[in-house]
Protein chains: 2
Amino acid sequence: MSASMSDIVAQVLAGERSAVARLISRVENEKDDYRIILDKLHTHTGKGYRIGVTGAPGSGKSTLTNQLAKIIRKHGSRIGIVAVDPTSPFTGGAVLGDRLRMNDLTLDEGVFIRSMATRGSLGGLAAKATEVADILDAAGYDFIIYETVGVGQVELDIVEAADTTIVLIVPEGGDIIQGMKAGLMEIGDIFVLNKYDRPGSERMQKDLEYVLHLKEAASGWHPEVLPAVANRNQGITEIWEKIAIHKKFLTENKLLAKKRANRLKTRLEFLVRTGMEAAFWDAKRKSKLQEYLKSQAENVSPYKVAQNLLDELLTQIKK
Amino acid sequence: MSASMSDIVAQVLAGERSAVARLISRVENEKDDYRIILDKLHTHTGKGYRIGVTGAPGSGKSTLTNQLAKIIRKHGSRIGIVAVDPTSPFTGGAVLGDRLRMNDLTLDEGVFIRSMATRGSLGGLAAKATEVADILDAAGYDFIIYETVGVGQVELDIVEAADTTIVLIVPEGGDIIQGMKAGLMEIGDIFVLNKYDRPGSERMQKDLEYVLHLKEAASGWHPEVLPAVANRNQGITEIWEKIAIHKKFLTENKLLAKKRANRLKTRLEFLVRTGMEAAFWDAKRKSKLQEYLKSQAENVSPYKVAQNLLDELLTQIKK
């Protein structure tokens, strides 16, 4: 490891904001053997508690994250926020506006906010989000919140990798059904019925509790529905207390260690997969791929081409 | 290839519904060398035109898909619908209810509807969706519609792999902003402002047109905003005509062949990746992984372990 890399490791471990920010950019851009640095940071991870916040667009995820961050700061803990934002420069304005709401937090040295805009990244958004959380963990942030924008497959993977996952629902016709369809009922450890000042909230709470009641809780944890009006700071303390209860539950039942082992397994498989791929697609094989794509008219099956390429590789391995 | 596999290929090419359904199940469950069958079908693909339909939950995707299917049938073409639904048995009821809306179509021999519930699949949802579309394509369906439930990263990947992508927006406060945040503005070839009978629709159309105007159209195609009230069958003909115009544009500019080449590239890379992974994780390496996860207390970095495993492999390859 070069001297400059050792410097970065030391600076990140000392919690220097600018070093953390630069390293995250390096990870996002997959630059300069950033994995060597992450490797060195690894032994310093494991202390940060990871919270996932998800829900349909407009359900108040940013607002809740903001309020939770304020409570966490009141208790003297440091917090890192990873907002997973598949945004391009073209749409940057909208998200920036959203982030601006957090202005009172960004001036606070104990808060680190990062929007990840890595759509199209080779490494995959879920893997990158974990890498960023690892950096914040090593830098001494006691809590790390993943906040998603979408509610799709990758976003579910990201929040599921958290220790506690919060799902936001709003009292609107069909929101429970839509939430079920998006797979949200499966992954929540805590459900927050936000915008509880709207009509129909009590009825919705009963419906949601009924639906959750149908779910088998293999872990022994029974998710509850907490009412909140996040933008008026109502119900936030109760959510915060419930997070603490869930954390205690996970720790006492050795489930926290299990979650961590699962994250490590996913990480290791990812590293192997991407490492193999990088080694595989050398100049020779890349040009074979290009030739194949140019010869489309003959309609040769990609299965055949892949098998030929792999057979050649596997013969070498089995020698 | 076994005799029974040849039978399946022949039956699918003849458009036999039950054979198509069984093969799709086989693909979903990754059973019995299904890739051998897909390989045989490949030369018969390329005729089906692929349409992606996406938008926030509740924007009317199922309804629009339903109406488009009816128009397509009126023109005498056959249509396959792939609804990408990350649903579990627990939430199955909700989606079933949604599918029931299509009842008038399911009795029609020229329509094939399939919900894909492959969350957690090893192969990845986007790859599976393409495989299912390939089967429908080979079975002679002239149009294939991908309809997503979520609006996340994987869902964007799926609809982007379509030839024409339709994005639904509804006239609701913040929906344009939420759509931008979810990356929807980037991927639409046609924008449908659904539920146009609601107040504020005209204003919303102007806003949306303005936002789209900001976007650079590298391809030369300028997406338009079409008003619709899908559940009252208003505006559907115009959408259908716009799809035909977009198809013509892609064909004349050789962009359809380019899209197809991109799909093949993604497919080939996927086959190589999963093939290598399957070969890599043999019993010996799996037990190494388990040992590592058990030794967590020592906090050994996954980067180091992955590198050791890969070094061993790459040394063998380079021999």
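Biologist: Why is A:Glu30 called partly exposed?

Modeller: Count its neighbours: A:Glu30 has 16 other C-beta atoms within 10 Å. A residue is buried if 20 or more other C-beta atoms lie within 10 Å of its own, exposed if 12 or fewer, and partly exposed in between, with C-beta atoms placed from the backbone. The count of 16 falls in between, so A:Glu30 is partly exposed.

Biologist: Where does A:Glu30 lie?

Modeller: In the loop between helix H2 (17-28) and helix H3 (34-41) of chain A. Helices (H or I, at least four residues) and strands (E, at least two) are DSSP runs, numbered from the N terminus. A:Glu30 is also 9.5 Å from A:Lys128, C-alpha to C-alpha, though the two are 98 residues apart in sequence.

Biologist: What should I know about the model itself?

Modeller: This is a predicted model, where local features need pLDDT of at least 70, side-chain atom pairs count only at pLDDT 80 or more, and totals for chains, interfaces and linings use all residues. Residues are numbered from 1 along each chain as its sequence is written, while chains are lettered from A and ligands numbered from 1 in the order in which they are written.

Biologist: How do you know which element of chain A has the lowest mean pLDDT and which the highest?

Modeller: pLDDT is the predictor's confidence in each residue, from 0 to 100. Helix H5 (residues 92-100) of chain A is lowest at 44, and helix H12 (residues 236-252) of chain A is highest at 97. For chain A the mean is 84, with 86% of its residues at 70 or more. The complex gets an ipTM of 0.75 and a pTM of 0.75 from the predictor.

Biologist: How do you know that the span of H12(A) agrees with its 17 residues?

Modeller: The expected span is 1.5 Å times one less than the number of residues. That gives 24 Å for H12(A), and its end C-alpha atoms are 25 Å apart, so the two agree.

Biologist: What makes the buried residues of H12(A) line one face?

Modeller: The buried ones are A:Ile236, A:Ile239, A:Ile243, A:His246 and A:Leu250. Seen down the axis, they fall within an arc of 75 degrees, so they line one face of the helix; the arc is that of the directions from the helix axis to the C-beta atoms. The face turned away carries exposed residues, including A:Glu241 and A:Lys248.

Biologist: Over to chain B. Why is strand E4 (residues 143-148) of chain B called mostly covered?

Modeller: Six of its six residues are buried. B:Phe143, B:Ile145 and B:Glu147 sit on one side, and B:Ile144, B:Tyr146 and B:Thr148 on the other.

Biologist: How do you know which strands E4(B) pairs with?

Modeller: Two strands pair if DSSP finds at least two bridges between them. Strand E1 (residues 49-55) of chain B has five bridges to E4(B), and strand E2 (residues 79-84) of chain B has six. Both counts reach the cut-off of at least two, so both strands pair with E4(B). Both run parallel to E4(B). B:Glu147 is the bridge partner of B:Val53 and stands opposite B:Ala83 too.

Biologist: What makes E3 and E7 of chain B edge strands?

Modeller: The open sheet runs E3-E2-E4-E1-E5-E6-E7 in chain B, with parallel pairing. Strand E3 (111-116) and strand E7 (224-227) each have a single partner strand, so one side of each is left without a neighbour in the sheet.
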